[in-house]
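Thank you all for making time this morning. I would like to walk you through one structure, and I suggest that you keep it open in front of you while I speak.

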Amino acid sequence: MTENPKEDLAGRPARPNEPGPYDIVIAGGRVVDPETGTDETLNVGIKGGSIAAISGGPLEGGTVIDAAGLVVAPGFIDLHAHGQQLPAAWMQAFDGVTTALELESGLLPIAQFYDNVAEEGRPINYGASAAWTYARIAEKEKDLAPPKAELTWFQKAFERSGWQQSLADEEEVKNIIAGVEQGLREGGLGIGINGGYAPGYGRKEYHALAKLAAEHGVPTFTHIRYLSVQEPSSGFEGLGELISLAAATGAHMHICHLNSVAGRDIKACVELVSQAQERGVPISVEAYPYGACSSTVGAEVFKDDWLGRWGVDDASAMEYNGEKLTQERIDELQEKDPGAVIVMHFLHPDDNAEDAELLDLSVLHPGAAIASDGMPWVRKDGSLADKMDDWPLEDVFAHPRSAGCFARFLAGWARGGPERTEPKLTLVEAIRKTSLIPARILQDSVPQMRSKGRLQVGADADIVVFDLATVQDNATFTEPAQRSTGFRHVIVNGEPVIRDGTEILDARPGRPIRRPCRVEAAPRGAGTP
């Protein structure tokens with residue numbers, strides 16, 4: 001290949017190169033485009049916020065980045081990023097992420113979220129879905145303050161159990177759906193259905209959400225109702241419920257973190273999901289490359305017989321701020337601080353070959369996106385590290401996936417493990433999972449995503465330049481606030497945010513990823529202010 005491919009994999013004619021000179025030229029790198037299958041040494045020219053040229057010949061530019069020996073790829077798109085605060089965005093930029101979206105949980109009010117983030121600015125692109133749980137809490141816990149587009153509001157709600165375990169009557173369902181729909185009208189990227197946190201909801205309520213998604217042509221992003229390896233009320237059953245509603249309504253239903261919702265029952269769950277996908281049921285999947293989940297200690301999934309439900313041996317599988325817990329300590333936290341964020345190990349892939357194979361079933365599932373489920377960073381006093389005064393992050397806590405998800409995937413699966421084992425997939429396929437697949441999951445309902453996840457002329461200049469030989473996650477479960485290394489340059493909308501491995505702290509090129517707004521007055525009882 002000397003200039004542009006004749007067409008991409010979707011069969012569209014490739015755009016010709018724009019004339020130079022260019023604002024930025026990335027010279028002599030291993031250019032990988034997951035849509036066309038390109039994987040060769042080329043030069044990339046950037047003008048404004050877009051890729052303007054890809055050529056085997058030299059390009060002239062105001063700034064030239066020497067990428068010899070480095071991979072040049074579309075920036076990673078994280079569909080599952082709870083850490084929407086500014087320091088969390090910077091930590092993800094060091095992991096190659098150029099777009100981080102809060103889709104599983106979502107937020108309400110959606111307009112408030114976008115306004116707040118725009119005022120502060122972000123180094124990477126941002127966006128959120130409309131949160132079913134927020135609308136449900138507002139309807140079922142009417143004496144609580146109205147929803148705020150912040151994770152802390154959701155954490156506070158874990159002091160109440162009514163919204164988690166009670167059925168909604170017909171009028172309540174109507175109001176919950178109205179609250180979610182208002183979020184869609186304000187540009188929400190779909191419907192966040194955090195079902196595992198409110199498993200007592202009715203099946204008709206879930207059906208109403210699926211119908212709403214189908215009517216608006218948006219995906220649902222679902223943390224399934226049950227997290228358990230035991231039947232009844234198992235993860236397998238929860239996946240079956242999702243599949244049946246996708247088949248019945250035609251709604252695109254996305255399964256969040258297949259590895260943790262299936263747990264040690266991953267073989268049966270993957271078989272079920274694969275059979276549905278082979279029959280054309282509109283479902284998509286994501287996974288993260290860890291055998292540990294993270295959540296609030298007061299979540300329903302950690303109550304009653306939680307050890308048996310997760311298939312783990314004892315309470316020390318759960319950690320709080322790096323401290324292994326006893327059941328007595330868990331009980332104390334659930335009573336006094338139910339919103340405290342914990343980590344729970346359900347697999348041990350680093351030292352157990354069988355567990356590593358189980359994790360591979362989700363991470364390598366055909367068509368599955370890699371998504372971090374990255375958590376916000378929490379100070380020792382339990383408050384969010386949400387300002388740049390906290391940067392660089394030190395003495396804060398989160399699941400290590402909040403810092404190292406994508407580097408871990410590249411190092412462990414695309415390059416090979418610490419013993420330099422053979423890669424488990426090609427680099428092109430690895431980049432497909434981190435960029436193109438997430439873009440395609442959204443692009444039918446979010447037109448902006450058609451220009452992301454690709455490295456082609458006309459695509460958005462969201463680009464990561466990294467050294468595959470040295471890229472590495474450094475975050476651990478005891479010291480999670482360690483940036484990934486190996487990402488030499490990160491460019492967002494044509495503007496560098498990391499150059500030569502160093503952040504440019506005043507850079508704020510991140511843009512909102514948002515559906516067109518159809519803002520109308522919120523109906524009464526809609527669960528939004």
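Let me begin with one helix and its surroundings, and please bear in mind throughout that this is a predicted model. Around helix H7, the elements that cover its buried residues include three other helices that you can look for by number, namely helix H3 (132-140), helix H6 (170-185) and helix H8 (235-249). The cover also includes strand S9 (191-194), strand S10 (220-223) and strand S11 (253-255).

Which residues of H7 are the buried ones? They are Glu205, Tyr206, Ala208, Leu209, Ala210, Leu212, Ala213 and His216. The helix itself runs over residues 203-216, which is 14 residues, and from its first C-alpha to its last it reaches 20 Å, close to the 20 Å expected at 1.5 Å a residue. Just after H7 comes Gly217, where phi is positive, at about 65°.

Two of the helices I named as cover, H3 and H6, also pack against each other, with their axes 8 Å apart and an angle of about 135° between them. That angle makes H3 oblique to H6. On the H3 side the contact is made by Trp132, Ala135, Arg136, Glu139 and Lys140, and on the H6 side by Glu172, Asn175, Ile176, Gly179 and Val180. The crossing of these two helices is right-handed.

Now please move along the chain to another helix pair, helix H14 (residues 401-415) and helix H15 (residues 427-443), whose axes come within 10 Å and cross at roughly 160°. How is H14 oriented relative to H15? An angle over 145 degrees counts as roughly antiparallel, so H14 is roughly antiparallel to H15. The residues in contact are Phe406, Phe409, Leu410 and Ala414 from H14, together with Ala430, Ile431, Lys433 and Thr434 from H15. H14 passes H15 in a right-handed crossing.

Let me turn from helices to the nonpolar interior. In soluble globular proteins, nonpolar side chains tend to be buried together. How many residues does the largest nonpolar core have in this model? It has 151 residues, and those with the most contacts inside it are Ile283, Phe302, Trp310, Met344, Trp377 and Phe466. Apart from that core lies another, of 19 residues, among them Leu42, Ile54, Leu70 and Val465.

I would like to finish with some details of the backbone, beginning with two cis peptide bonds. One joins Leu108 and Pro109, with omega at about -10°, and Pro109 lies in the loop between strand S7 (97-107) and helix H2 (110-120). The other runs from Trp391 to Pro392, with omega near 0°, and here the proline sits in the loop between strand S18 (378-379) and strand S19 (396-397).

That loop between S18 and S19 also holds Asp395, whose phi is near 55°, a positive value in a residue other than glycine. Is Asp395 buried or exposed? Asp395 is exposed, with a relative accessible area of 57%.

Asn321 likewise has a phi near 55°, again positive in a residue other than glycine, and you will find Asn321 in the loop between strand S14 (318-320) and strand S15 (323-324). Its relative accessible area is 24%, and Asn321 is therefore partly exposed.

Notes
Residues numbered from 1 in each chain as written. Predicted model: local features only at pLDDT ≥ 70, side-chain atom pairs only at ≥ 80, totals over all residues. Heavy atoms only, no water. Core = buried A, V, L, I, M, F, W, Y, C linked by side-chain atoms within 4.5 Å. Buried < 20%, exposed > 50% of the residue type's maximum accessible area, 1.4 Å probe, protein only. Helix = DSSP H or I, 4+ residues; strand = E, 2+ residues; numbered from the N terminus. Expected span 1.5 Å × (residues − 1). Contact = heavy atoms within 4.5 Å. Axes fitted to C-alpha atoms, helices over the stretch in contact; angles between N-to-C directions. Parallel < 35°, antiparallel > 145°, perpendicular 65-115°, else oblique. Left-handed = near helix turned anticlockwise from the far one by under 90°.
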